[in-house]
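Please open the model in your viewer and keep the selection tool at hand, since each stop of this tour asks you to pick out a few elements and look at how they are arranged.

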Amino acid sequence: MGAGHGHGVLHRPGDSPVHRLPPQLKIVAAFAAVLCVVATPREAFWAFGVYLLAIMAVWWVARVPVRWFAARALIEVPFVVLAVLLPLVGHGRRVDLLGVAVSVEGALAGWNILAKGTIGVLVSLTLAATTAPHDLLLGMQRLRTPSVLITIATLMLRYAEVIVGEAQRMRVARISRGHDPRFLWQLGATARGIGSLFIRSYERGERVHLAMVSRGWSGTMPEMTGTSTPPPERVVGSGTALLVEHLAYAYPDGHQALFGVNLRVRPGERVALLGPNGAGKTTLVMHLNGVITGGSGRIEVAGLPVDKANLKEIRRRVGVVFQDPDDQLFMPTARQDVAFGPANFGLRGAELDARVRSALDAVGMGAYGDRSPLHLSGGQRRRVALATVLACDPEILVLDEPSANLEPVARRELAEVLLGLDRTMLMVTHDLPYALQLCTRSVVIDDGVVVADGPTREILADTELLAAHRLELPYGFRLD
């Protein structure tokens, strides 16, 4: 699905009378239809014909072609196979059919599965085709569905979109290199691709989970209504926004990522964290709000130790904007994504709404609150990802490669937003001109230790230092 124009694979946008019906009405109608189908005796063959004609009439009104549903109904192939096998393996009285002895009871059982399963699948596909995912969730809310079920449905939809997106990108990559799954000898590559899809989807799901945790998620979705919980009193520090002393960390596989990092950041400072891939930069920033724990050393945020007892307050104070905005955006709309963090930290009702509006307005996305993140451009998604963190009112803003994959205009627009924010800021980046534009101070990290710390212009003018740590200014860029 292309940025800004993607739609779910089961939703076919349109403006028919069926599309315009309230989603809660369509959900109730679909549920009632399925109940009728399930309750219909299997011997009432005529009734299943009536059900099918009624569904096709809805398709005609909705202006969705039959072939569109036929392609998506392949999901029930396993049930079709079972229905075909039951007459052959069933018990009881048998009759001869085209020279094959089939069980009468097995044939009726197979017909029951095939007829009811097919009608049920077609009803579900019709609901999905004529109702956008966000509207389905809205309809569930209007029907007062328990919030936990809506949350589960939301995350399932988001994860399905992640898998579909990964599958489409992998398919394009295979086709661009001459792969054609129609040829038998290429089935091995297809099978390996399915394995890779599982791994990539699992990794994406893990990153989404980390993004949820970093915004205060504790395993249960927060309520959006009610009375706000007052935040704990701020601990007054000693003029230090962030203190890192002798931080060392090794991953479970034994890889030592940090060997004793020392860093002190004053309130209001803008600091760029520079270094080659694998230097330990991301591992460091994941420690700052307790997403990664277990290392040795000490970390304090405005005098408050980063430990288990303080994790919720630390995560409110230190907001992390992940490199890929798709890891950070998992709710049906931008507004709901932005509300997720502050709701976890106790905001409710009108106060929560005001915080969400303020955050979206701060990044120039106030008019896009009701849009699905999937229908936003890359630059717009990155701005909404920033708003999800700003809504938590953090004291320290941590940005992981904020300019990655942005076109020049979107890159400039994001820089203007960031320069307008009154926040202590740490920015992990390989984009050295961006570091110069946004941060007066730079810290170079390599092999898990700080190797340089000073004014950004001086750091970037030291060509020997840059070369020694695989950093390089873009071709033609000059420090005048």
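**Stop one: two helices**

In this predicted model, begin by selecting helices H13 and H14, where H13 passes H14 in a right-handed crossing. To find them, choose residues 334-344 for H13 and residues 349-362 for H14, whose axes lie 9 Å apart and pack at an angle of about 120°. Angles from 65 to 115 degrees would count as roughly perpendicular and those over 145 as roughly antiparallel, and H13 and H14 are therefore oblique to each other. Now show the side chains where the two helices meet: H13 contributes Arg335, Val338, Ala339, Pro342 and Ala343, while H14 contributes Leu352, Arg355, Val356, Arg357, Ala359 and Leu360. Of the residues in this contact between H13 and H14, eight are nonpolar, three are charged and none is polar.

**Stop two: a hairpin**

Next select strand E1 (residues 94-97) and strand E2 (residues 100-103), which run antiparallel and are joined by four bridges. Leu97 stands opposite Val100 in E2, and two residues lie between the strands of this hairpin, where Leu98 takes a positive phi near 55°.

**Stop three: an open sheet**

Finally, turn to the open sheet of four strands, which has the order E4-E3-E6-E7 and antiparallel pairing. Strand E4 (256-265) and strand E7 (304-305) are its edge strands, each pairing on one side only. Within the sheet, select E3 (residues 242-250) and E6 (residues 296-301), which five bridges join, and look for Glu245 opposite Arg298 in E6. Then add helix H10 (residues 281-288), which packs on the sheet, touching E3, E4 and E6, with its direction at about 120° to that of E3.

Conventions
Residues numbered from 1 in each chain as written. Predicted model: local features only at pLDDT ≥ 70, side-chain atom pairs only at ≥ 80, totals over all residues. Heavy atoms only, no water. Axes fitted to C-alpha atoms, helices over the stretch in contact; angles between N-to-C directions. Parallel < 35°, antiparallel > 145°, perpendicular 65-115°, else oblique. Left-handed = near helix turned anticlockwise from the far one by under 90°. Contact = heavy atoms within 4.5 Å. Nonpolar A, V, L, I, M, F, W, Y, C, P; charged D, E, K, R; others polar. Pairing = 2+ DSSP bridges.
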